[in-house]
Amino acid sequence: MVAQDVWPALSRCISGPMKKRFTPGNALPVAIPYFGWKISVKLRWKIDQPGMLIVIGLVLMTVVNSGDCSEESPAVKNYRIKAESGDPEAQSILGYMYLTGEGSVLQDYTMALRWFSKAAEQGNWFAQFKLGEMYYYGVGVNQNYTEALKWYRKSAAQGIMKAEFSVAEMYRKGEGGEPNYKLALKWYQVSAEKGFSDSQFRLAEMYHEGMGVPVDQRKAYVWFSIASTESQEKGHQEIQAQARAAMGNLKTQMTPEQISKAEREAAVMWKKLQKRNSQTPIK
């Protein structure tokens, strides 16, 4: 098998800007090791010898020529057709496939960014959130907190709890600007009341440390208690352990009467939130 033999299949299996770099003439020294590298990353193989990458690429191109990889799955084809026609949901799903390498596509952050951007501009909350994550962590793009906050906020504006929490975290840490504890408190409160245990825990910390609000150990205890109960219900063991530890620490600073009052308040608030959230769709 020579480079020209595998080129038709290889050209169908490489997408995005990288495809422009490859021609039948450079398939062996450039494209085939690139394909081998993409597969090794996908399978979490740690290979740094160029020769091995060429071998992997050639072996896998034999599979490609047999038809296993030369065609997209029907599902991916369907999503691509819809995405190219402007369907934001299909665009977001295609973006996620490229982000994770799921389906019959190879992981490609450039393509993920492209499709998430198209869907996000049309108001798709999932694409907005994932775009925020890509900018926040610098995945396939230079890290940019301003852009991350922009897209997190757009997703949060649609009531997405994880986005609300992410906005609050960025304001608390001062990522992309100066810390803004009042805005952090606002966004923690919004998602905490919907039952997001991470926000409940952070809200308790804010009251405990007096960040954006006067120190209030009773309210801190109430929210630590709610976070503990919520995380237990959802199996979030780490948050549950941290909340219980914080409650134990607060008990050494409160009177028995204060503790009893805070526990009663937490129980009442928990039931109220449970009732409200059971009647309202939570995203």
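At 3% relative accessibility, S197 counts as buried, where buried denotes under 20% relative accessible area, exposed over 50%, and partly exposed the range in between, with a 1.4 Å probe and protein chains only. S197 is found in helix α11, residues 197-209. Helices here are DSSP runs of H or I of at least four residues, strands are runs of E of at least two, and both are numbered from the N terminus. Not counting residues up to four places away in sequence, S197 touches A227, E230, S231, H236 and I239; contact means heavy atoms within 4.5 Å.

Before I continue, a word on the basis of these values. This is a predicted model, in which local features need pLDDT of at least 70 and side-chain atom pairs count only at pLDDT 80 or more, while totals for chains, interfaces and linings use all residues. Residues are numbered from 1 along each chain as its sequence is written, and side-chain values use heavy atoms, with hydrogens and water left out.

I turn to helix α12. Three of the residues that S197 touches, A227, E230 and S231, are among the buried residues of α12. This helix covers residues 217-234, which is 18 residues. From its first C-alpha to its last it reaches 25 Å, close to the 26 Å expected at 1.5 Å a residue; the expected span is 1.5 Å times one less than the number of residues. The buried residues of α12 also include A220, Y221, V222, W223 and F224.

What lies at the two ends of α12? At its start, a side-chain oxygen of D216 reaches to within 3.2 Å of the backbone nitrogen of R218. That is a polar contact, defined as a pair of N or O atoms within 3.5 Å; within protein, one must be able to donate a hydrogen and the other to accept it, and residues adjacent in sequence count only if both atoms are side-chain atoms. After α12 comes G235, whose phi is positive, near 75°.

Helix α14, residues 256-279, contains A266. A266 has a relative accessible area of 4% and is therefore buried. Leaving aside neighbours within four places in sequence, A266 is in contact with V222, S225 and I226, and these three are buried residues of α12. The C-alpha atoms of A266 and T229 are separated by 9.7 Å, although the two residues are 37 apart along the chain.

Next, the aromatic residues. How many aromatic pairs does the structure hold? There are 10, counting rings of Phe, Tyr and Trp (its six-membered ring) whose centres lie within 6.5 Å; planes under 30 degrees apart count as stacked, over 60 as edge-to-face and the rest as tilted. One of them joins F116 and F126, edge-to-face, at 6.3 Å centre to centre and with 70° between the planes. F116 lies in helix α6 (residues 109-121) and F126 in helix α7 (residues 125-137), so the pair ties together parts that are 10 residues apart in sequence. F116 is buried, at 0% relative accessibility, whereas F126, at 26%, counts as partly exposed.

Y136 and Y137 form another edge-to-face pair, at 4.8 Å centre to centre and 80° between the planes. Is each partner buried or exposed? Y136 is buried, with a relative accessible area of 12%, while Y137, at 55%, counts as exposed. Both belong to one aromatic cluster with F129, Y145 and Y152.

Two charged residues also sit over rings, meaning that NZ of Lys or CZ of Arg is within 6 Å of the ring centre and within 35 degrees of the ring normal. R114 lies over the face of W115, at 4.5 Å from the ring centre. K154 lies over the face of W151, at 5.8 Å.

Two further helices deserve mention. Helix α10, residues 181-192, has 12 residues and reaches 16 Å, close to the 16 Å expected; its buried residues are A184, L185, W187, Y188, S191 and A192. In helix α8, residues 145-156, we find T146, which counts as exposed at 53% relative accessibility. T146 and M170 are 24 residues apart in sequence and 9.9 Å apart in space, C-alpha to C-alpha.

I close with the protein as a whole. It has 14 helices and zero strands. Buried residues make up 43% of its 283 residues. Among contacts with a separation of 6 or more, residues 24 or more positions apart account for 50%. The protein exposes about 14,800 Å², of which carbon and sulfur atoms supply 53%; these areas come from the Shrake-Rupley method with a 1.4 Å probe, and for residues only the protein chains shown count as cover.
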